Amino acid sequence: MTKVLLTGGSGFIAAHILEQLLAKGHSVVTTVRSEEKAAKIREAYPSQAAAGDLITAIVPDIAQPNAFDEVVAQNPGLEVVLHTASPFHFKFNDPKELLDPAVVGTTSILRAVAASAPTVRRVVVTSSFAAIVDEAHVKDASHTFSERSWNPVTLTDVHRAPATAYRASKTFAERAAWDFVQDPATGAKFDLVTINPPMVFGPVVHYLASLDAINTSNERVVDCLRGKWRDEVPSGGPVAIWVDVRDVAEAHIKAGLEIPEAGGKRLFVTAGLFSNAELGRIARKNFPEDAERLPTEETKGGELPAEGERFRFDNSETNKLLGIKYRSFEECVVDTIKSLKKHGA
């Protein structure tokens, strides 16, 4: 059994990590922003909470430089930290609303671990394909993105578009993490792994207040179910690669707890290409009872960009190291829709 600190425990990816960690018998301390969220997690895992194998801690604002000092200092014996807490949404007025929590939240957890948790051997940070992709090459068929690729975005670029600001937040946060562990002055005795997924779909296991609060990637599934794609399927955008949230969770656990060789690696987890049109077809095939709201066979739009108009990718290093058998897009979409229906979709 490993004692793990999981930040952002009520988040979309973290909820699956928590479920898998507890199923494997590990002891987990998880942070959330409010007691309301903490109570829902404890209610979901009453036996582990009662036995002390699940502890919840409140970190109301991850953008504070000392946000994680208390939870790290008060939980001795931590061995691995899985840091998932960071915003992923485009609903902001100032890019600082994304940049500050992402960068300061990442450095604050690393600083707290270096200062107060000498038993921690590894920190895994949830980064993103956003820190890999170069917007100038998303339609460039001659360009291949891999674990070695870095987004060249700069601070002057963040006002270009909300998506650019989000990608900058993930890039700056990941760079700050690598800079921290490579700087002898920080006193870090642990190694670092980053997980860099693209679009993450999959079932929701945490308790959403409403479908309006759903994670950004799954918003398109909700739109499809609500009839917004009935007349025309929207473009999926230039980043047409995806991964199932349960596979992302597995990657965190394998990289953090099970594969020593993962230390010092960036892991680019993706199952491959997807399109909104394919999503619509899968929904129509598997949920005929919703046919009147779903795209028909005649509904146009949402197909993959032509092969000559989209980037290439190579995550073979990650796949060789982790050995994850990625779920199919159909399995993922079906399970996602079933979970969303439980929340009223």
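Four exercises on a predicted model follow, each with a worked solution.

**Exercise 1. Find the edge strands of the seven-stranded sheet, and describe how β2 and β3 pair.**

Step 1. Write down the strand order. The open sheet runs β3-β2-β1-β4-β5-β7-β10, with parallel pairing.
Step 2. Look for strands with a single partner. These are β3 (54–58) and β10 (266–267), so one side of each has no neighbour in the sheet.
Step 3. Take the β3 end. Strand β2 (residues 27–32) runs parallel to β3, and five bridges join the two. Within this pairing, valine 28 has leucine 54 of β3 as its bridge partner.
Step 4. Add the helices. Helix α2 (residues 35–44) packs on the sheet and touches β2 and β3, making about 170° with the direction of β3. Helix α6 lies across β5, β7 (191–195) and β10, at about 165° to β7.

**Exercise 2. Repeat the analysis for the sheet of three strands.**

Step 1. The order is β8-β9-β11; the sheet is open and its pairing is mixed.
Step 2. Edge positions go to β8 (199–201) and β11 (272–273). Each has a single partner strand, so one side of each lacks a neighbour in the sheet.
Step 3. Check one pair. Three bridges link β8 to β9 (residues 241–244) in the parallel sense. Methionine 199 sits opposite tryptophan 242 of β9.
Step 4. Place the helix. α8 (residues 245–258) lies across β8 and β9, at about 75° to β9.

**Exercise 3. Decide why cysteine 224 and cysteine 332 form no bond with each other.**

Step 1. Recall the chemistry. A disulfide is a covalent bond between two cysteine sulfur atoms.
Step 2. Count them. The structure has zero disulfides.
Step 3. Check the distance. For cysteine 224, the nearest cysteine sulfur belongs to cysteine 332 and is 13 Å away. The cut-off is 2.5 Å. The two sulfurs are therefore too far apart for a bond.
Step 4. Check exposure. Cysteine 224 is buried, at 1% relative accessible area. Cysteine 332 is also buried, at 0%.

**Exercise 4. Locate the largest cavity and identify which elements line it.**

Step 1. Search the whole structure. Two cavities of 30 Å³ or more turn up.
Step 2. Take the largest. It holds about 60 Å³ of space.
Step 3. Read its lining. Among the lining residues are His83, Thr106, Val125, Lys170 and Glu174.
Step 4. Assign elements. α5 (96–116), β5 (122–126) and α6 (162–182) each supply at least two lining residues. The largest share, three residues, comes from α6. That helix also lies across β5, β7 and β10.

Note on methods
Residues numbered from 1 in each chain as written. Predicted model: local features only at pLDDT ≥ 70, side-chain atom pairs only at ≥ 80, totals over all residues. Heavy atoms only, no water. Pairing = 2+ DSSP bridges. Helix = DSSP H or I, 4+ residues; strand = E, 2+ residues; numbered from the N terminus. Contact = heavy atoms within 4.5 Å. Axes fitted to C-alpha atoms, helices over the stretch in contact; angles between N-to-C directions. Buried < 20%, exposed > 50% of the residue type's maximum accessible area, 1.4 Å probe, protein only. 1 Å grid on protein atoms, 1.4 Å probe; cavity = no way out; pocket = protein on both sides within 12 Å on 5 of 7 lines; lining within 4 Å. Points joined across faces, edges and corners; volume = space filled by probe spheres on them.
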